[in-house]
Amino acid sequence: MVNCRPGTFLDLISMQNCNLTNLPENYSMRFYLYHYLVNPEMIQIAELPHSHKVIGYVMSRMQERNNIQKEPPYGGITSVSILRTYRKMGIAHRLMRCAHRAMGEIYGAEYVSLHVRETNTAAKHLYLKTMGYHLHEPHIEYYADGETAYELHCSTKRELFEHVSRKYRAKDGNQQTGEPGGGEGKSKKRRKKK
Ligand SMILES: CC(C)(COP(=O)(O)OP(=O)(O)OC[C@H]1O[C@@H](n2cnc3c(N)ncnc32)[C@H](O)[C@@H]1OP(=O)(O)O)[C@@H](O)C(=O)NCCC(=O)NCCS
């Protein structure tokens with residue numbers, strides 16, 4: 001079982017290694033450090049339980065808004081990477097859900113935006129099919145090599161709903177119920193009996 005946890009300063013070198021082996025867009029250590037200092041809660045790490053080897057990460061951030069009155073707060077995914085040996089095990093999916101929840105809970109992000117290469121089949125499947133992102137806008141020649149990017153958006157409502165319903169079940173002393181909202185039904189039944 002892989003552990004997913006918030007990243008710390010000590011993870012930055014391992015994250016850079018994951019990125020260098022996987023993606024054409026690489027970042028300097030100064031970039032990682034700056035990202036960590038500005039958004040310390042916005043790094044999610046996947047690690048092996050015994051060796052603590054970092055096998056993947058998601059870096060996210062809150063986006064600056066041009067018009068604070070009209071635009072809702074929203075987040076962005078800066079980079080996602082899972083080491084080859086550990087792919088197709090649902091790790092990116094888990095990390096992405098944690099990232100959505102952190103952005104929604106801590107900063108009130110209503111949705112998350114990201115860019116993906118037109119030819120990146122694996123990432124497009126993760127975002128569009130598994131996570132429920134939708135196409136917002138294509139950007140022609142977005143990348144330095146001329147490839148088109150798809151700008152995708154996804155609401156954070158699902159993660160926030162799941163978190164609130166978990167908290168509700170815990171308060172109700174009924175953490176074991178499987179479905180979100182399951183605690184509510186049981187507590188009503190108990191109240192009726194009294
Ligand atoms: C894209 C990436 C992060 C996916 O990581 P992962 O841990 O393998 O993804 P998951 O196991 O959570 O899989 C999520 C879904 O994508 C699907 N998927 C994963 N790799 C796939 C591939 N190569 N082709 C088609 N679908 C793929 C999985 O089957 C799963 O689908 P399901 O929910 O319908 O079962 C990983 O391939 C990677 O690190 N790629 C290089 C870096 C990169 O491209 N980052 C994204 C930049 S925008």
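A polar contact is a pair of N or O atoms within 3.5 Å. An oxygen atom of the ligand and a polar backbone atom of I82 form such a pair, 2.8 Å apart. The structure described here is a predicted model. Its chain holds six helices and seven strands, and 39% of its 194 residues count as buried. The points below treat the overall fold, the ligand and its surroundings, two helices, and several individual residues.

**Overall fold**

- Along the sequence, the elements of the chain follow the order β-α-α-β-β-β-α-β-α-β-β-α-α.
- The helices number six and the strands seven.

**The ligand and its shell**

- The ligand occupies the space of the largest pocket.
- The residues around the ligand number 19, and those that come nearest are I82, K88, G90, N120 and T130.
- Strand β4 (74-82), helix α3 (91-107) and helix α4 each contribute at least two residues to the shell around the ligand.
- Helix α4 gives the most to this shell, namely six residues.

**Polar contacts of the ligand**

- A polar backbone atom of V80 lies 2.9 Å from a nitrogen atom of the ligand.
- For I82, the distance from a polar backbone atom to an oxygen atom of the ligand is 2.8 Å.
- For K88, a polar backbone atom is 2.7 Å from an oxygen atom of the ligand.
- The ligand taken alone exposes 940 Å², and the protein buries 75% of that area.

**Helix α4 (residues 121-131)**

- The buried residues in α4 include A123, L126, Y127 and M131.
- These residues lie on the same side of α4, because they cover an arc of only 80° around the axis.
- T121 and K129 are exposed on the other side of α4.
- Just after the end of α4, G132 adopts a positive phi of about 85°.

**Helix α2 (residues 29-38)**

- In α2, the buried residues are Y32, H35 and Y36.
- Their arc around the axis is only 95°, so they fall on the same side of α2.
- The other side of α2 carries the exposed residues R30, Y34 and L37.

**Positive phi in residues other than glycine**

- Most residues other than glycine have a negative phi.
- H52, a residue other than glycine, nevertheless has a positive phi, near 60°.
- H52 is placed in the loop between β2 (43-47) and β3 (54-62).
- H52 counts as partly exposed because its relative accessibility is 49%, a value that falls between the limits of 20% for buried and 50% for exposed.
- K88 also departs from a negative phi, with a positive value near 60°.
- The loop between β4 and α3 contains K88.
- K88 has a relative accessible area of 87% and is therefore exposed, given that exposed means over 50%.
- K88 is also among the residues that come nearest to the ligand. The accessibility of a residue is computed with only the protein chains as cover, so the ligand does not enter into the value for K88.

**Residues brought together in space**

- E64 lies in the loop between β3 and β4.
- E64 counts as exposed because its relative accessibility is 76%.
- The C-alpha atoms of E64 and Y74 are separated by 8.3 Å, and the two residues are ten residues apart along the chain.
- H153 belongs to strand β7 (residues 149-155).
- H153 counts as buried because its relative accessibility is 9%, and buried means under 20%.
- H153 and S113 are 40 residues apart in sequence, yet their C-alpha atoms are 4.5 Å apart in space.

Conventions: Residues are numbered from 1 along each chain as its sequence is written. This is a predicted model: local features need pLDDT of at least 70, side-chain atom pairs count only at pLDDT 80 or more; totals for chains, interfaces and linings use all residues. Side-chain values use heavy atoms; hydrogens and water are left out. Buried means under 20% relative accessible area, exposed over 50%, partly exposed in between (1.4 Å probe, protein chains only). Helices (H or I, at least four residues) and strands (E, at least two) are DSSP runs, numbered from the N terminus. The arc is that of the directions from the helix axis to the C-beta atoms. A residue is near a molecule or strand if one of its heavy atoms lies within 4 Å of it. A polar contact is a pair of N or O atoms within 3.5 Å; within protein, one must be able to donate a hydrogen and the other to accept it, and residues adjacent in sequence count only if both atoms are side-chain atoms. Accessible areas come from the Shrake-Rupley method with a 1.4 Å probe; for residues, only the protein chains shown count as cover. On a 1 Å grid over the protein atoms alone, a cavity is a set of points where a 1.4 Å probe fits but cannot get out, and a pocket is an open set with protein on both sides within 12 Å along at least five of seven lines; lining residues have an atom within 4 Å of a point. A molecule sits in a cavity or pocket if more than half of its atoms lie within 2 Å of its grid points.
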